[in-house]
Amino acid sequence: MNSIANGTEPLRVAVLGSGKGSNCQSIFDAIDAQQLNVRVVCVASDVEDAFILQRAAEHKIPAQFISALPFKTKLDGKAEEAYIAYMRSHGAQVVALAGFMRIIKPGLLAAFPRAVINIHPSLLPAFPGLEAWKQALDYGVKVTGCTVHFVDAGMDTGPVIVQKSVPVLDDDTPQTLHARIQVQEHIAYPEALSVIAARAIRIDGRKVLIAG
Ligand code: GRF
C-alpha cells in the first residue's frame, strides 16, 4: 500500500462536501478529543453556501467554494484541476469525501492514488448511488448501514474500510432511517481515518486488511 502517513505525524486530510457537513464535524470532534491523529488541512465545496464551509471556517481551517461548473454531476476538466491544485497547495495526503455530490474522475484519483475515501449511507455493495437509505426502505431490507471505502473509478465500488449496520424499523421514514444511519456514519468515518493515519491497513485486491 502507499505510505500515506508515518504513524506519528498527523495525516493531512482534505475534506470535500456539498452539504451540511455533519461527517466533517465528526472528524473535527474526534481530532479535538485527541482520538484522531489527523489534521484537516483544507475543506472545499462545490456549493457556495454549503454549511460545511462555515463549520470549517469556525475551526479556522481554510475553506473554499470551488465551482465545478459547467458539469452538473461530475468533477472534471478545469474544475477537477482547480480542486487538485487547491488540495495540493495545502499538502493534503488523503481526500475524504463527506457528502460530496459529484462523481470523481480518473484525474483526481491519479493525483491522490489509493488516497481518496468516501462515506456511503448503505452497506455496500447494496444500494449504491443516490438516497441509499430510501432505496433500502423501498426494497424492504431489515438491516442497512454505512460504508467507508476507497474510491475507485466505479460508482461506490472501491475496497471497503469500515462498515456499521443499522436496523430498519417497521415505522421508519426516509428521514428517520437516514438520521439513524448518520449516527453510525459519525463513528465510522473517524474510525476509518484513524486506521489510515496509523498506517494500520494494507490493501490486498478488494480486501482492506486492518492490523491489530
Ligand atoms: C451522508 O449521509 C453520506 O453518507 C452521504 O452524504 C451524506 C452527507 O451528510 N454521502 P453530511 O453533509 O456529512 O451531514
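A pocket is an open set of grid points with protein on both sides within 12 Å along at least five of seven lines. In this predicted model, the space taken by the ligand is the largest pocket. The protein covers 89% of the 370 Å² of accessible area that the ligand has on its own. Away from the ligand shell, the briefing turns to aromatic rings, and two aromatic pairs are counted.

**The shell around the ligand**

- Which residues surround the ligand? They are Lys20, Gly21, Ser22, Asn23, Gly99, Ile119, His120, Pro121, His178, Gln182 and Glu185.
- Three elements each give two or more residues to this shell: helix H1 (22-32), strand S7 (116-120) and helix H6 (174-197).
- Helix H6 provides the largest share, with three residues.

**Polar atoms close to the ligand's oxygens**

- His178 uses its side chain: a polar atom there lies 2.8 Å from an oxygen atom of the ligand.
- Asn23 uses its backbone: a polar atom there is 2.9 Å from a ligand oxygen.
- Pro121 also uses its backbone: an N or O atom there lies 3.5 Å from an oxygen atom of the ligand.

**Gln182 in the shell**

- Where is Gln182 found? Gln182 is in helix H6, and this residue is part of the shell around the ligand.
- Is Gln182 buried or exposed? Its relative accessible area is 12%, so Gln182 is buried, given that buried means under 20%.
- The side chain of Gln182 makes a polar contact with the side chain of Glu185, at 2.9 Å. Glu185 is also listed among the residues surrounding the ligand.

**An aromatic pair**

- One of the ring pairs joins Tyr83 and Phe100, with ring centres 5.7 Å apart.
- Why is this pair called tilted? The planes of Tyr83 and Phe100 stand at 55°. Planes under 30 degrees apart count as stacked and those over 60 as edge-to-face, so the rest are tilted.
- Tyr83 lies in helix H3 (residues 77-89). Phe100 lies in the loop between strand S5 (94-97) and strand S6 (103-104).
- The pair therefore ties together parts that are 17 residues apart in sequence.
- Tyr83 counts as buried, at 0% relative accessibility. Phe100 counts as buried too, at 7%.

Methods: Residues numbered from 1 in each chain as written. Predicted model: local features only at pLDDT ≥ 70, side-chain atom pairs only at ≥ 80, totals over all residues. Heavy atoms only, no water. Phe/Tyr/Trp six-rings, centres within 6.5 Å; stacked < 30°, edge-to-face > 60°. Helix = DSSP H or I, 4+ residues; strand = E, 2+ residues; numbered from the N terminus. Buried < 20%, exposed > 50% of the residue type's maximum accessible area, 1.4 Å probe, protein only. Near = heavy atom within 4 Å. Polar contact = N/O pair within 3.5 Å; in protein donor to acceptor, adjacent residues only side chain to side chain. Areas by Shrake-Rupley, 256 points an atom, 1.4 Å probe, with all protein chains shown as cover. 1 Å grid on protein atoms, 1.4 Å probe; cavity = no way out; pocket = protein on both sides within 12 Å on 5 of 7 lines; lining within 4 Å. Sits in = over half its atoms within 2 Å of the grid points.
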